Amino acid sequence: MLLNIFISCFFPIPDIQIMKTNQTILKEFVLVGFSVYPHAQTFLFVVFFCLYLLTLTGNLAIMYLTWVDRCLHTPMYLFLSALSFSETCYTLTIIPKMLADLLAKNRSITIIGCGLQMCFFLGLGGTNCVILTLMGFDRFLAICNPLRYPLLMTNMVCGQLVASACATGFFLSVIETALIFRGSFCGPNLVKHFCCHMRAVVRLSCLDSELTEFIVMVISATALMGTFLLIILTYVFILSTVLRIPSAEGKQKAFSTCASHLTVVIIHFGFASIPYLKPGASGGDDTVIAVPYTVVTPFLSPLIFSLRNKDMKNAFRKVLGRTSSLNK
């Protein structure tokens with residue numbers, strides 16, 4: 001309620017009579033998605049379904065191993081588990097609907113359903129960015145302040161930081177979603193995307209869509225670049241500290257703890273920056289552009305963190321050993 005009052009004060013909704021004329025007020029959208037590629041939909045369904053199953057398996061495995069292995073009850077792996085949980089929920093908001101639409105003729109979604117999907121999609125995406133930033137800050141404390149690290153980064157502090165990441169992500173998400181859905185939508189009801197992406201939906205607004213699109217894109221770009229620059233700043237300090245380590249073995253050990261995180265950061269922010277920082281008039285297929293950061297990145301993230309982490313591999317071997325001993 002307070003959010004609606006705030007929006008109505010600064011972004012007043014004009015009278016319905018001065019909205020776009022000769023337009024039908026919409027009650028549902030149709031997600032165009034990959035219907036523009038009719039001959040490739042079955043192939044895309046198989047590919048995306050397999051990637052989604054692998055993504056779920058990887059993230060659930062990380063959460064399970066972190067839960068059962070006491071050696072992984074540290075802030076570093078608690079952040080990783082929180083990221084896996086957030087990415088699992090992130091993919092749940094869009095991929096099941098996308099898979100269903102690849103096989104269905106009716107690709108409609110209600111206005112309320114679209115708003116909820118957008119809110120959770122943006123909120124969880126923002127949460128992922130903040131958690132990745134916190135993981136960089138955790139590595140900064142561990143390498144640059146090793147003596148004070150156990151006092152500064154406790155499991156309780158880690159939980160509080162994860163909660164603040166979630167609150168920050170959804171705070172921005174609610175603002176952006178409320179701005180986009182503050183008025184009615186005019187026809188045609190075709191959303192040129194496989195999900196309720198904010199840029200595709202805002203263009204159907206009966207209000208001044210260009211102004212709203214500019215505002216929400218500035219919010220998204222600022223949040224995206226802000227978190228990325230914070231991560232880069234932490235790695236500047238980390239690099240300066242690592243270069244002062246006298247032994248080559250110490251340098252290699254320090255770099256190895258950051259390699260997987262830095263790889264995921266580059267992939268995550270690199271793919272996410274393409275659609276959110278792309279000018280609106282530049283053209284291109286937003287549906288295809290969105291695949292890397294909605295399907296590929298969540299798949300690669302658990303893969304990179306598991307394959308490049310000795311502790312995670314050891315925990316997996318322990319679980320397999322216990323399972324095989326029980327079977328015997």
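This is a guided tour of a predicted model, arranged as a series of selections to make in the viewer.

**The whole chain**

Begin with the full protein in cartoon view, where 12 helices and three strands can be picked out. Of its 328 residues, 46% count as buried, and the surface that the protein exposes comes to about 17,000 Å², with carbon and sulfur atoms supplying 71% of it. If contacts are drawn between residues at least 6 apart in sequence, 80% of them join residues at least 24 apart.

**The nonpolar cores**

Next, select Phe29, Phe34, Phe48, Ile180, Phe185 and Val201, which are the residues with the most contacts inside the largest nonpolar core, a set of 43 residues. Colouring by element then shows where this core draws its members from, since two or more residues come from each of β1, α2, α4, α5, α7 (155-180), α8, α9 (209-242) and α11 (286-307). Which element gives the most to this core? It is α5, with six residues.

Keep that selection and add Leu83, Leu134, Met135 and Ala165, which are among the 37 residues of another core that lies apart from the largest one.

**The disulfide**

Now show the side chains of Cys114 and Cys196, which are joined by a disulfide with an S to S distance of 2.1 Å; by the distance rule applied here, the count for the model is one disulfide. The pair links distant parts of the chain, with Cys114 in helix α5 (residues 111-144) and Cys196 in the loop between β3 (190-191) and α8 (198-202), 82 residues apart. Both Cys114 and Cys196 are buried. Looking along the bond, why is this disulfide described as left-handed? The torsion about the S-S bond of Cys114 and Cys196 is about -130 degrees, and the disulfide is therefore left-handed.

**Two other cysteines**

Move to Cys166 and display its sulfur together with that of Cys89, which holds the closest cysteine sulfur to it; the distance is 9.0 Å, too far for a bond, because a disulfide requires the two sulfur atoms to lie within 2.5 Å. Cys166 is partly exposed, its relative accessible area being 34%. Then select Cys71: is it buried or exposed? At 53% relative accessibility, Cys71 counts as exposed, because the cut-off for that class is over 50%.

**A loop residue between two helices**

Select Thr93, whose place is in the loop between α3 (75-92) and α4 (95-103). Although it sits in a loop, Thr93 is buried, because its relative accessible area of 18% falls under the 20% limit. To see its surroundings, show Gln117, Phe120, Phe121 and Leu124, which Thr93 touches when residues up to four places away in sequence are not counted.

**A pair distant in sequence**

Go on to Leu224, in helix α9, which counts as buried at 7% relative accessibility. Adding Ala272 to the selection brings in a residue 48 places from Leu224 in sequence, with the two C-alpha atoms 8.2 Å apart in space.

**A nonpolar patch on the surface**

Finish by switching to a surface view and selecting Val36, Tyr37 and Val288, which together make a nonpolar surface patch of about 250 Å². Of these, Val36 is found in the loop between β1 (28-31) and α2 (41-68), and both of those flanking elements have already appeared on this tour as contributors to the largest nonpolar core.

Conventions. Residues are numbered from 1 along each chain as its sequence is written. This is a predicted model: local features need pLDDT of at least 70, side-chain atom pairs count only at pLDDT 80 or more; totals for chains, interfaces and linings use all residues. Side-chain values use heavy atoms; hydrogens and water are left out. Patches are made of residues with over 30% relative accessible area and no salt bridge: like charges are joined within 9 Å, nonpolar side chains (Val, Leu, Ile, Met, Phe, Trp, Tyr) within 5 Å. Accessible areas come from the Shrake-Rupley method with a 1.4 Å probe; for residues, only the protein chains shown count as cover. A salt bridge is a side-chain nitrogen of Lys or Arg within 4 Å of a carboxyl oxygen of Asp or Glu. Helices (H or I, at least four residues) and strands (E, at least two) are DSSP runs, numbered from the N terminus. Buried means under 20% relative accessible area, exposed over 50%, partly exposed in between (1.4 Å probe, protein chains only). Contact means heavy atoms within 4.5 Å. A nonpolar core is a set of buried Ala, Val, Leu, Ile, Met, Phe, Trp, Tyr and Cys residues joined through side-chain atoms within 4.5 Å.
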